[in-house]
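Welcome, and please open your viewer. This tour suggests what to select next and tells you what is there.

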Amino acid sequence: METSESAPLSVERIRADFPILEREFDGTPLVYLDNAATSQTPEPVVDAIVDYYHRYNANVHRGLHQLSQEASIAYEEAHDRVAEFVGASGGREEVVFTKNATEAMNTVAYAWGLEELGPGDEIVLTEMEHHAALVTWQQIAKKTGATVRFIEVDDEGYLDMDHARELIGPDTAMVSAVHVSNTLGTINPVSELADLAHEQDALIFVDGAQSVPHMPVDVEEIDADFFAFSGHKMCGPTGIGVLYGKQHLLEEMQPYLYGGMMIEKVTFEDSTWHDLPWKFEAGTPVIAQGIALAEACDYLDEIGMDNVKRHGEALAEYAHDRLSEFGDIEILGPPADDRAALVSFNLESVHAHDVSEILNAHGVAVRAGDHCTQPLHDKLGVPASARASFYIYNTEEEVDTLIEGLEDARELFA
């Protein structure tokens with residue numbers, strides 16, 4: 001599979017790398033539109049996992065034998081490759097592998113938050129945060145006496161930046177914001193939020209789970225202090241997430257998971273910690289997953305992240321326009337031409353779960369529920385929504401199949 005930054009995606013060629021897309025259910029082809037939950041995995045990434053287990057499966061940083069040396073080099077270089085993918089010039093010292101983005105957020109919340117936060121400090125979130133961030137900072141605030149405040153979302157699904165400027169003040173210690181809303185498709189101005197935070201000597205944590213897979217991301221251009229994302233949403237394997245942190249901050253932080261590999265010296269009285277990033281990777285790490293994630297970065301870079309962005313946003317706009325043809329469908333979030341690669345919606349008088357079941361009968365896989373944003377759904381006044389989310393292998397014809405399924409749902413519940 002090859003493409004270029006200037007040419008449109010060769011979707012047919014890309015789809016050939018994803019055998020799962022050939023599946024049928026009772027003769028009905030699979031239409032996979034649940035990419036915001038997890039993307040599918042291309043053969044080169046699967047091959048990287050198989051190659052590791054077939055050729056050099058060994059624990060890292062613990063053996064002098066050849067297999068361990070090969071595994072250690074590949075695992076270390078994977079950190080460098082991921083750092084390059086998101087613009088972290090510090091390389092592996094600024095990239096910690098975790099088991100998912102949630103663990104990356106918890107790492108900062110516990111290793112930094114428990115030490116630095118106290119009564120009078122404020123943590124500023126947005127009303128569109130995923131539970132991974134909202135619940136984590138909420139619980140850390142309870143433990144430290146800090147206060148959590150929320151930047152409001154306006155009627156169109158954008159952050160109210162005037163409200164952000166009011167909230168982020170002298171008492172703010174951390175701003176934690178989602179880069180792309182997994183429910184609304186809103187692309188948030190995280191660089192502007194970073195500037196607001198830094199003007200108050202606060203830090204900013206960016207949740208990039210929905211941005212890194214879909215658009216070029218440069219953590220240094222954003223000026224994020226911390227940034228988290230997941231491998232399984234960007235053609236990588238499950239079981240791996242990434243925490244980027246500015247090197248000086250990671251050096252100052254103490255680990256909150258202890259065990260093998262993260263230590264330098266241990267006595268019966270005390271311990272000292274390994275260098276970055278290993279001091280945050282206790283125990284046997286995610287070796288195969290890390291190596292495969294580096295391969296996923298290669299795969300996406302070969303396609304071109306500008307191409308990935310254009311393709312996903314074009315499909316979301318097309319889906320938004322087709323859904324807008326229904327007079328009884330409510331679409332959540334910004335206008336068609338100003339959103340990331342997903343559309344959440346509700347068919348009038350039909351619960352999102354029922355919509356999902358009917359679409360499943362058409363072979364269409366979507367997400368239904370609150371998408372781990374219960375407070376946002378409460379604010380919007382809807383118990384749940386259906387979400388169609390797109391990626392590099394999806395087509396307009398698949399969107400048309402989604403629309404056909406929704407027409408059947410409307411007739412069934414009429």
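The stops below cover a pair of helices, a pocket and the cavities.

Before you start, keep in mind that this is a predicted model.

**Stop 1: two helices side by side**

Select residues 305-324, which form helix H11, and residues 396-413, which form helix H14. How do these two helices lie against each other? Their axes come within 10 Å and cross at roughly 25 degrees. Angles under 35 degrees count as roughly parallel, and H11 and H14 are therefore roughly parallel to each other. Turn the view to look at the crossing of H11 and H14, which is right-handed.

Now show side chains where the two helices touch. On the H11 side, pick Leu-315, Tyr-318, Ala-319, Arg-322 and Leu-323. From H14, add Glu-396, Val-399, Asp-400, Ile-403 and Leu-406. Colour this contact by residue class and you will find seven nonpolar and three charged residues, with no polar ones.

**Stop 2: the largest pocket**

Next, select Thr-102, His-130, Ala-209, Gln-210 and Lys-233. Of the 21 residues that line the largest pocket, these lie nearest its centre. The space in this pocket comes to about 260 Å³.

Which helix gives the largest share of the lining? Highlight residues 101-116: this is helix H4, and its share is three residues. Taken by class, the pocket lining holds nine nonpolar, eight polar and four charged residues.

**Stop 3: the largest cavity**

How many cavities of 30 Å³ or more does a search of the whole structure find? The search finds two, and you can visit each in turn.

For the largest cavity, select Asn-35, Ala-36, Val-180, Gln-210 and His-214, then add Ala-340, Ala-341, Leu-342 and Ser-389. Together they line a volume of about 50 Å³. This lining has five nonpolar and four polar residues, and no charged ones. You may recognise Gln-210 from the previous stop: it lines the largest cavity and is also among the residues nearest the centre of the largest pocket.

**Stop 4: the second largest cavity**

For the last stop, select Thr-107 along with Pro-255, Tyr-256 and Leu-257, and then Lys-279 and Phe-280. These residues line the second largest cavity, which holds about 30 Å³ of space. What classes of residue make up the lining here? Four are nonpolar, one is polar and one is charged.

How values were computed
Residues are numbered from 1 along each chain as its sequence is written. This is a predicted model: local features need pLDDT of at least 70, side-chain atom pairs count only at pLDDT 80 or more; totals for chains, interfaces and linings use all residues. Side-chain values use heavy atoms; hydrogens and water are left out. Axes are lines fitted to C-alpha atoms, for helices over the stretch in contact, and angles run from 0 to 180 degrees between N-to-C directions. Helices (H or I, at least four residues) and strands (E, at least two) are DSSP runs, numbered from the N terminus. Angles under 35 degrees count as roughly parallel, over 145 as roughly antiparallel, 65 to 115 as roughly perpendicular and the rest as oblique. A crossing is left-handed if the near helix is turned anticlockwise from the far one by less than a right angle, and right-handed if clockwise. Contact means heavy atoms within 4.5 Å. Ala, Val, Leu, Ile, Met, Phe, Trp, Tyr, Cys and Pro count as nonpolar, Asp, Glu, Lys and Arg as charged, and the others, Gly among them, as polar. On a 1 Å grid over the protein atoms alone, a cavity is a set of points where a 1.4 Å probe fits but cannot get out, and a pocket is an open set with protein on both sides within 12 Å along at least five of seven lines; lining residues have an atom within 4 Å of a point. Grid points are joined across faces, edges and corners, and a volume is the space filled by probe spheres set on the points.
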